[in-house]
Amino acid sequence: RSLKPSGELRLVKPKDWTSGFYPGVLWFMYDLSRDTTWKAYATAFTLLLEDEKNNARDHDIGFKMMSSYGHAYRLTGNKHYREVLIQSAKTLTTRYNNKVGCIRSWDHHKDKWQFPVIIDNMMNLELLFFAWKETNDSLFYNVANEHAQTTLKNHFRKDYSSYHVVSYDTISGDVMEKNTHQGFAHESSWARGQAWALYGYTMMYRETKNTVYLDQAENIADYIINTAQFPDDYIPYWDYHAPNITDEPKDASSAAIMASAFYELSSFSMNNGELYIRTADRIMTSLSSEKYLCKQGSNKGFLLAHSTGSKPKNSEVDVPLVYADYYFLEALKRKGNLLENN
């Protein structure tokens, strides 16, 4: 997942929300190089996660299974991977509350939130669309669509920045709280949260072709580019509204997620495609520079330095993070696809 202060690897169990990203990194390395050595490692680390297909304890099953089994199935066509993904999607739907219209994100902090939904949860909806396309069961589509609609209605401010956590009343379905858990303040703009929102609504348009989602993705993009504004190197600080901003730690993971999303969004936008490609290119140029790209043989093999997990908890601050590497490689793949198609 990351590095400890001692420089040792920080490892996680399969239940951790980041557990699928390392096999995902390996699958991307195989995809980009076609070296079967990577495929063998990717397969071995993917199979370690199979029991997670029944883990309904939180919303993160989409993160775990699409980044691992999703690529495994895409690159091999092995039907076993498909069945694991479909079961994982079924598990995710058990966390959906019809009254609220959302999938519950967390079961912890019950004293604080009755039914918390975090903007990160948008990323898990891709698993449901996979299952819908494979089974033609409209349940998967409907749950994903309702979650995205409810989030669109309640998670965003007038400037299209996103809250991190919105908690709902399970009896009325009404919003009770709008908070942060990893950002600087409830009304601040946590950088990775904005990246999840951009990526999530771009994906929603890809899967539904509903222009409401495209409009939302472009509005979020406009906020990031023109209101939140990038630093000179296009790698955001961990929160756009953190105090003493130029002294705050950067978050390369947010940048990598945004770069991948901007590349995809460029292919859907009628008017801003070139802007999105330029923005993603600027991000990737910085991430590929000596400042952010780890030297070969250093940092236990991580690709990117200078990510921030949770600054309020002083957890994983200015360290490599496996999901930064994952979305960096995805962005490279998407850039390559754009070049091939032009």
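**Loops, strands and cores, one question at a time**

Student: Which two helices have Gln229 in the loop between them?
Tutor: Gln229 sits in a loop of this model, which is a predicted one. The helices on either side of that loop are H8 (211-228) and H9 (252-266).

Student: Is Gln229 buried, partly exposed or exposed?
Tutor: Its relative accessible area comes out at 48%. Buried needs a value under 20% and exposed needs one over 50%. Since 48% falls in between, Gln229 is partly exposed.

Student: What is notable about the phi of Gln229, and near what value is it?
Tutor: Most residues other than glycine have a negative phi. Gln229 isn't a glycine, yet its phi is positive, near 70 degrees.

Student: Which residue in the loop between E8 and E9 has a positive phi without being glycine?
Tutor: Strands E8 (residues 307-310) and E9 (residues 315-319) pair in the antiparallel sense over three bridges. Their hairpin has four residues between the strands. The one with a phi near 55 degrees is Asn314.

Student: Is Asn314 buried or exposed?
Tutor: The relative accessible area of Asn314 is 64%. Anything over 50% counts as exposed, so Asn314 is exposed.

Student: In E9, what is the bridge partner of Ser307?
Tutor: E8 and E9 run antiparallel to each other. Opposite Ser307, the bridge partner in E9 is Val319.

Student: In what order do the strands of the three-stranded open sheet come?
Tutor: The pairing in this sheet is antiparallel. E5 (116-118) and E7 (175-179) are the edge strands, each pairing on one side only. From strand to strand the twist averages 20 degrees. With E5 and E7 at the edges, the order is E5-E6-E7.

Student: What angle does the direction of H6 make with that of E6?
Tutor: H6 packs on the sheet and touches E5, E6 and E7. Between the direction of H6 and that of E6 the angle is about 105 degrees.

Student: Which residue in E6 stands opposite Pro116?
Tutor: E5 and E6 (residues 165-168) run antiparallel and are joined by three bridges. Across from Pro116 in that pairing is Ser167.

Student: Are the residues on the two faces of E6 buried or exposed?
Tutor: Val165 and Ser167 lie on one side, with Val166 and Tyr168 on the other. Both faces are covered, and those four residues are all buried.

Student: Which residue takes a positive phi in the hairpin of E6 and E7?
Tutor: E6 and E7 pair over four bridges in the antiparallel sense, with Val175 in E7 as the bridge partner of Tyr168. There are six residues between the strands in this hairpin. The one with a positive phi, near 80 degrees, is Gly173.

Student: Where is Thr151, and is it buried or exposed?
Tutor: Thr151 belongs to helix H6 (residues 138-154). Beyond four places in sequence, its contacts are Cys102, Val117, Ile119, Met122, Phe156 and Tyr201. At a relative accessible area of 1%, which is under the 20% cut-off, Thr151 in H6 is therefore buried.

Student: And Glu52, is that buried or exposed?
Tutor: Glu52 is in the loop between H2 and helix H3 (61-76). Leaving aside neighbours within four places in sequence, Glu52 contacts Pro14, Lys15, Ile61, Lys64 and Met65. With 7% relative accessibility, Glu52 counts as buried.

Student: How far does H2 reach from its first C-alpha to its last?
Tutor: H2 (residues 36-47) has twelve residues, and 16 Å would be expected at 1.5 Å a residue. At its start, a side-chain oxygen of Asp35 comes within 2.9 Å of the backbone nitrogen of Thr37. The span of H2 is close to the expected one, at 17 Å.

Student: How many residues are in the largest nonpolar core?
Tutor: Leu125, Phe262, Leu287 and Tyr327 have the most contacts inside it. Phe262, for one, is in contact with residues including Leu198, Phe230 and Tyr276. Apart from this core lies another, of seven residues, among them Cys102 and Tyr168. The residue count of the largest core is 94.

Methods
Residues numbered from 1 in each chain as written. Heavy atoms only, no water. Buried < 20%, exposed > 50% of the residue type's maximum accessible area, 1.4 Å probe, protein only. Contact = heavy atoms within 4.5 Å. Pairing = 2+ DSSP bridges. Axes fitted to C-alpha atoms, helices over the stretch in contact; angles between N-to-C directions. Expected span 1.5 Å × (residues − 1). Polar contact = N/O pair within 3.5 Å; in protein donor to acceptor, adjacent residues only side chain to side chain. Core = buried A, V, L, I, M, F, W, Y, C linked by side-chain atoms within 4.5 Å.
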